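Biologist: Please take a close look at the ligand site and describe its surroundings in detail.

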Amino acid sequence: MKAVRVNEFGGPEVLSVEELEVPSPADHEVLVKIEAAGLNYIDTYQRSGLYQIPLPTTLGMEGAGSVVAAGPDVKSLKPGDRVAFTNVMGAYADYVKAPEDRLVPIPDGVSFDEGAAAMLQGCTAHYLSQSTYKLGKSDRCLIHAAAGGVGLLLIQMAKNAGAFVIGTCSTEAKAELATAAGADEVVLYSKQDFKTEVKRITGGEGVTVAYDSVGKATFEDSIDCLSKRGYMVLYGNASGPVTEFNPASLAARGSLFLTRPALFDYILDRAELVARSGDVFNWIREGRLRLRMEHFFPLSEARASHEALEGRRTTGKVLLKPEGT
Ligand code: NDP
């Protein structure tokens, strides 16, 4: 089978398409033939070494496909079942073997592409809006990289919860997408000072929560966008990691809260995986959550997909497709 491997940390050029044996599922594992793999920003951190992972490895933490074989003791799945997953390493390949309890069935009416597109970014937007900070009608929130994969989903979930949403992004075309997803206001942070704009839009009050996935370039100004006792949710490093911070400044700036959450602490067990992904799939089927899937790359062009994501040339979800799917 074909697999996209990382043998050493580095830029997109270190991604190498290699021929590997199709793995055999062990106890409680199934073999999944992948129909679509999700590209996520975390893949770039794992490739570059910002997040250190054991090498060599097959990249990719999200995908969807059909069960083709089940190991001994597998109870809930059989060949032919349509499944989706996140937090299983090795999705950039024709096949992946996965623990039975990390897979969720894809409901009827949801395609493989939608299944792959919904899991990691969908569950992330879910925990950010429902658990890290439970958004409601009285909230005003700031969402950076609003036209990105997580961004477009988070806008919709925030609007469904009744919150007022200010999105940021770098281009007019991206701003149109954020507005179409429901953002009440969109600030072009490439041209405008977003801190000033947030203060203007909120009449000086600020936002109750800032969702910041851009990191280094926006972190300090995002904090300054908060109202008193507001929540700073730093959940990514697209512009680089935040490495220095003085907690005492949270008091000086209005008794603020700061958290740095990670998806896998919000999927602590199977029950939480099933509940979060179940909500996401239900919202897709009910039309309350729209996935934007515009960027498809063959598996063999994984390098180009990383260059596009890191080059800020993508919007919504990016999918990698094995040959013949
Ligand atoms: P996106 O589709 O949002 O792509 C990243 C976007 O970040 C770009 O399109 C760009 O939008 C913006 N950006 C701002 N500055 C830069 C920069 N210097 N270089 C590159 N991009 C920049 O990616 P994802 O939806 O996959 O992920 C979004 C963020 O969420 C990532 O930081 C990721 O790590 C984080 N994340 C965190 C999780 C968690 O649990 N903690 C889980 C999932 C994702 P624009 O051009 O509009 O500025």
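Modeller: The ligand sits in the largest pocket. Here a pocket is an open set of points, on a 1 Å grid over the protein atoms alone, where a 1.4 Å probe fits, with protein on both sides within 12 Å along at least five of seven lines; a molecule sits in a pocket if more than half of its atoms lie within 2 Å of its grid points. The model is predicted: local features need pLDDT of at least 70, side-chain atom pairs count only at pLDDT 80 or more, and totals for chains, interfaces and linings use all residues. Residues are numbered from 1 along each chain as its sequence is written, and side-chain values use heavy atoms, with hydrogens and water left out.

The shell around the ligand holds 29 residues (each with a heavy atom within 4 Å of it), and the closest are Tyr127, Ser170, Lys174, Tyr189 and Leu263. By class, the shell divides into 15 nonpolar, 10 polar and four charged residues; Ala, Val, Leu, Ile, Met, Phe, Trp, Tyr, Cys and Pro count as nonpolar, Asp, Glu, Lys and Arg as charged, and the others, Gly among them, as polar.

Three polar contacts (pairs of N or O atoms within 3.5 Å) involve oxygen atoms of the ligand. A polar side-chain atom of Lys174 lies 2.6 Å from a ligand oxygen, one of Arg312 lies 2.8 Å from a ligand oxygen, and a backbone N or O atom of Val150 lies 2.9 Å from a ligand oxygen. The protein covers 92% of the 910 Å² of accessible area that the ligand has on its own (Shrake-Rupley method, 1.4 Å probe).

Helices H1 (41-48), H2 (112-132), H3 (149-160) and H9 (302-310) each supply at least two shell residues; helices are DSSP runs (H or I) of at least four residues, numbered from the N terminus. H2 gives the most, with four residues. Domain 1 (2-121 + 269-321) and domain 2 (136-260) each contribute at least three residues to the shell, the bounds coming from an automatic or database domain assignment.

How values were computed: A polar contact is a pair of N or O atoms within 3.5 Å; within protein, one must be able to donate a hydrogen and the other to accept it, and residues adjacent in sequence count only if both atoms are side-chain atoms. On a 1 Å grid over the protein atoms alone, a cavity is a set of points where a 1.4 Å probe fits but cannot get out, and a pocket is an open set with protein on both sides within 12 Å along at least five of seven lines; lining residues have an atom within 4 Å of a point.
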